[in-house]
Amino acid sequence: GMPWRAFVAQKGEFPDPAEFDHIILTGSEASILERDPWVETEAELVRQAASAGTAILGSCWGHQLIAYALAGPVSVARCPSPEIGWISVRVDKDGDLLGPAGTVHHVFAVHFDEVRDLPVPFEVLASTEACRVQAFRVGDKPIWGLQSHPEIDIPDGTRTLRDFAARGSRGREACLAALEQEPRDSGLIRRVITGFLA
């Protein structure tokens, strides 16, 4: 397959966006609201890649970073109610990554911050009761954000919740409650990656 490389922005590692035709921005335990200098460097990289027509996919913190980079700081905020565990996301608008409107996907989520108040040309693609912007696309550009973690399957999600609960990190009670839930993962990641790479 095509060569790929991982970069850890928090350690000061950044790609030259011109060398890649697809960029995936992952989750992070950092908050998009408390920005260290590396976040500004990464946001600038997102703006360069977006203007070059690069395909960009953001998950969780990466989704929030795209909104911050392309719509500004007003587009990110604390969640009124964080989402932790397996959630049901409703597709609001037909699209290649998430499928037809009305579809419900079961995915893993852990987030304390969210995207909101997106300007044109952003389009909201999916939502939950607790979080109106679960997914977006930037106009007709190949740029998508997903608030959930479809890449985290049931074993990894369970491990993540146990780890957060054991560390006594924020949201510990919610992690313990989520471990009591029936885990549900509809395998959305396969559709997302196929659509993103197409």
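Begin by selecting Q134 in this predicted model, and display whatever lies around it: leaving aside its neighbours within four places in sequence, Q134 is in contact with H63, E83, I87, V89, H111, A126, S127, T128, G145, L146, Q147 and S148. Q134 sits in the loop between β5 (122–127) and β6, and because its relative accessibility is 2%, under the 20% cut-off, it counts as buried. If you add C60 to the selection, you will find a residue 74 places away along the chain, with 9.1 Å between its C-alpha atom and that of Q134.

From the contacts of Q134, move on to S148, which belongs to the loop between β7 (143–146) and α3 (154–167). Is S148 buried or exposed? Its relative accessible area is 5%, so S148 is buried. With its neighbours within four places in sequence set aside, the contacts of S148 are S59, C60, V107, F108, A109 and Q134.

Both of these residues also border an enclosed space. The model has one cavity of 30 Å³ or more, and the space in the largest cavity comes to about 50 Å³. To see its wall, select V89, L98, H105, A126, Q134, A135, L146, Q147, S148 and L188; by class, this lining has six nonpolar and four polar residues, and no charged ones.

Next, colour the helix α2 (61–71). Nine of its 11 residues are buried, so α2 is largely enclosed by the rest of the structure. The buried residues to pick out along α2 are W61, G62, H63, Q64, L65, I66, A67, Y68 and A69. Where the helix has ended, stop at G72, which follows α2 and has a positive phi, near 95°.

With α2 still coloured, turn to the nonpolar interior. The largest nonpolar core has 27 residues, and those that touch the most other members are I56, L65 and F136. At least two residues of this core come from each of β1 (22–25), α1 (37–51), α2 (61–71) and β6 (135–138), while the element that gives the most is α1, with seven residues.

Centre the view on F136 to look around this core from one of its members. Leaving aside its neighbours within four places in sequence, F136 is in contact with H63, I66, A67, V115, L118, F122, E123, V124, L125, I143, W144 and G145. A second core, separate from the one just visited, has 17 residues, including L57, I87, L98 and L146.

Now look for paired rings, of which the count comes to five aromatic pairs. For one of them, select F7 and F20, whose ring centres are 5.9 Å apart and whose planes stand at 90°, so the pair is edge-to-face. Both F7 and F20 lie in the segment before β1, and so their pairing ties together parts that are 13 residues apart in sequence. Taken alone, F7 has a relative accessible area of 24%, and so it is partly exposed.

F7 leads on to the largest pocket, which holds about 850 Å³ of space. Which residues should be selected to find the centre of the largest pocket? Of the 30 residues in its lining, R5, A6, F7, I23 and I24 are the closest to that centre. The elements giving two or more residues to this lining are β1, α1, α2 and α5 (188–197), and the largest share, four residues, comes from β1. Coloured by class, the lining of the largest pocket divides into 19 nonpolar, six polar and five charged residues.

Finish at the second largest pocket, where about 680 Å³ of space lies. Its lining is made of 30 residues, and the ones to select at its centre are G27, S28, E29, C60 and H149, which lie nearest to it. Here at least two lining residues are supplied by each of β1, β2 (55–59), α2, β4 (104–115), α3 and α5, with β4 providing the largest share, five residues. By class, the lining of the second largest pocket has 15 nonpolar, 11 polar and four charged residues.

Terms used:
Residues numbered from 1 in each chain as written. Predicted model: local features only at pLDDT ≥ 70, side-chain atom pairs only at ≥ 80, totals over all residues. Heavy atoms only, no water. Core = buried A, V, L, I, M, F, W, Y, C linked by side-chain atoms within 4.5 Å. Buried < 20%, exposed > 50% of the residue type's maximum accessible area, 1.4 Å probe, protein only. Contact = heavy atoms within 4.5 Å. Phe/Tyr/Trp six-rings, centres within 6.5 Å; stacked < 30°, edge-to-face > 60°. 1 Å grid on protein atoms, 1.4 Å probe; cavity = no way out; pocket = protein on both sides within 12 Å on 5 of 7 lines; lining within 4 Å. Points joined across faces, edges and corners; volume = space filled by probe spheres on them. Nonpolar A, V, L, I, M, F, W, Y, C, P; charged D, E, K, R; others polar.
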